[in-house]
Amino acid sequence: MPEDTTKPEVAAATTAASAVTVTAPQPGPVSQWLSGQGFAHAVLEPDHLGVEVLGVEAPFLPVIAAALKASGFDYLQCQGGYDEGPGGQLVSFYHLVKLAALADQSTATQHLPAAVKPEEVRLKVFLPRTGDLTIPSLYPLFRGADWPERETFDMFGIHYAGHPHPKRLLMPEDWKGFPLRKDYVQPDFYELQDAY
């Protein structure tokens, strides 16, 4: 039996639900600076801590990362990847921090209040899982990208062009597939009894 929408409570709830609007994320300071410099990017929702997140096209990643590094984002805190799930994209991300500026502040004042946080930004490159999974490596800019990019390749199959050691890090070289993809099918050649 269909629900009676003539009751005032149901009608009010239906009206309130339809009044919800989706707003596009607003550009943060890093996005505004990049736009002012002529760098195209997508503004994404900030993360749960308020860190600015930007979508970047793969060919432009090194140029944008170099511009950010020149503007003070001198530390690659984290690089990784994830799979959005069936039918979704594979994502490679880089989390950059302005660390030298924070160190300069602490030297000038001898100590910083606990509330002072460094500026951070996260760059994300979205790749269709059936398309070209190649991204330029950021190893030439950030030496700390060496093992994380290798691990992301190993687990998700994202290739980093220009990486000096483009081989698996965790799995054997002859391993088939990429274990952290959500469509990965585990090979059946490793049996439980082989462990005994």
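## Helix, sheet and rings

Colleague: What is the phi of Gly-72, the residue right after α3?

Modeller: This is a predicted model, so to speak of ground rules: local features need pLDDT of at least 70, side-chain atom pairs count only at pLDDT 80 or more, and totals for chains, interfaces and linings use all residues. Residues are numbered from 1 along each chain as its sequence is written, and side-chain values use heavy atoms, leaving out hydrogens and water. Helices (H or I, at least four residues) and strands (E, at least two) are DSSP runs, numbered from the N terminus. Gly-72 follows α3, and its phi is positive, near 120°.

Colleague: What arc around the axis do the buried residues of α3 cover?

Modeller: In α3 (residues 61-70), Leu-61, Ile-64, Ala-65, Ala-67 and Leu-68 are buried, meaning under 20% relative accessible area (exposed is over 50%, partly exposed in between, with a 1.4 Å probe and protein chains only). The arc is taken from the directions from the helix axis to the C-beta atoms. These residues sit on the same side of α3 because their arc is only 160°.

Colleague: Which strands stand at the edges of the sheet?

Modeller: The sheet is open, with five strands in the order β1-β2-β5-β4-β3 and mixed pairing; two strands pair if DSSP finds at least two bridges between them. Two of the strands have a single partner each, so one side of each lacks a neighbour in the sheet: β1 (42-44) and β3 (75-83).

Colleague: How many bridges join β3 to β4?

Modeller: In general, strands of a sheet pair through backbone hydrogen bonds, either parallel or antiparallel. β3 and β4 run antiparallel, and Tyr-82 stands opposite Val-91 in β4. The number of bridges joining β3 to β4 is eight.

Colleague: Is the ring pair of Tyr-82 and Phe-93 stacked, edge-to-face or tilted, and which is it?

Modeller: Rings of Phe, Tyr and Trp (its six-membered ring) pair if their centres lie within 6.5 Å; planes under 30 degrees apart count as stacked, over 60 as edge-to-face and the rest as tilted. By this rule there are two aromatic pairs. With centres 6.4 Å apart and planes at 40°, the rings of Tyr-82 and Phe-93 are therefore tilted.

Colleague: Over the ring of which residue does the charged end of Lys-69 sit?

Modeller: A charge sits over a ring if NZ of Lys or CZ of Arg is within 6 Å of the ring centre and within 35 degrees of the ring normal. The charged end of Lys-69 is 4.9 Å from the centre of its ring partner, Phe-142.
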